[in-house]
Amino acid sequence: MNCFHRRTLIGILLALAAGAVLAHGVSESDKGFLQGAEGMHIIPYLYLGAKHMVTGYDHLLFLVGVIFFLYKMKDIGLYVTLFAVGHSTTLLLGVLNGWHINAYLVDAIIGLSIVYRAFDNLGGFRSVFGVQPNKKAAVLIFGFFHGLGLATKLQDFALSQDGLIPNMIAFNVGVEFGQLLALGMILVLMRYWRSTASFARNAARGNIALMAAGFTLAGFQLAGLITK
């Protein structure tokens, strides 16, 4: 990969890092709809779920870390499915059961999930601690936190109980559809980078950039927790 392409890929990661701070932000128009909607709204909730995933930089950064060194589609499918199961479970249960968790704390953990994944990719657990945590279990567990983060945010909008279950199911389906779209774009970029001779030389830098992004998100959220 020449210098321009390498800088472009690192720039993409840094741009995602900057956007990660507002990863769970909701536009005013979407906020107005969520607060005023009553009854079933399957298509709008499908759209909002997909939109959240495609623009949810924290989720995208985590997915980049998850698939960074995965080459076989069956392995990619397995890990992404584990993340989807975790994300969908706490998103649905959190909203339906009214779980109230501090949003700053949850989003800080989500930021640290990116750090964790990148540190694992760098072989940090083996070299520093002499152990290797279960990668699949970690993806599932962090998936729970990613879903809980959005469930916490959605509850701020006092969603109508009328049609809540089908709406949340539609939102979940939309999230998974958006995840497939985002994953497709990520895989195209990663496949291109892997096809170049410089991937091995710059893979560590890419994961360091991911760690920086995760620390940025976690630090911002912890600051909000302390100063709120």
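Visitor: What makes two residues count as a contact here?

Guide: Contact means heavy atoms within 4.5 Å. In this predicted model, Phe171 touches Tyr45, Leu48, Gly49, His52, Leu91, Leu150 and Leu154, leaving aside residues up to four places away in sequence.

Visitor: Which residues touch the most other members of the largest nonpolar core?

Guide: Phe171 is one of them, together with Ile67, Leu154 and Leu159, in a core of 51 residues. Helices 3, 4, 5, 6, 8, 9 and 10 each supply at least two of its residues. Helix 9 gives the most, with eleven.

Visitor: Why is helix 4 called largely enclosed?

Guide: A residue is buried under 20% relative accessible area, and ten of the eleven residues of helix 4 (residues 57-67) are buried, so the helix is largely enclosed by the rest of the structure. Among the buried ones are Asp58, His59, Phe62 and Ile67.

Visitor: How do you know that helix 6 is roughly antiparallel to helix 10?

Guide: Their axes come within 8 Å and cross at roughly 160°. Angles over 145 degrees count as roughly antiparallel, so helix 6 earns that description relative to helix 10. The crossing is left-handed.

Visitor: And what makes up the contact of helix 6 with helix 10?

Guide: Its residues divide into 15 nonpolar, six polar and one charged. Helix 6 brings residues including Tyr104, Asp107, Ile110 and Phe119, while those from helix 10 include Asn207, Met211, Phe215 and Leu225. Asp counts as charged, so Asp107 of helix 6 is the charged residue in this contact.

Technical notes:
Residues numbered from 1 in each chain as written. Predicted model: local features only at pLDDT ≥ 70, side-chain atom pairs only at ≥ 80, totals over all residues. Heavy atoms only, no water. Buried < 20%, exposed > 50% of the residue type's maximum accessible area, 1.4 Å probe, protein only. Helix = DSSP H or I, 4+ residues; strand = E, 2+ residues; numbered from the N terminus. Core = buried A, V, L, I, M, F, W, Y, C linked by side-chain atoms within 4.5 Å. Axes fitted to C-alpha atoms, helices over the stretch in contact; angles between N-to-C directions. Parallel < 35°, antiparallel > 145°, perpendicular 65-115°, else oblique. Left-handed = near helix turned anticlockwise from the far one by under 90°.
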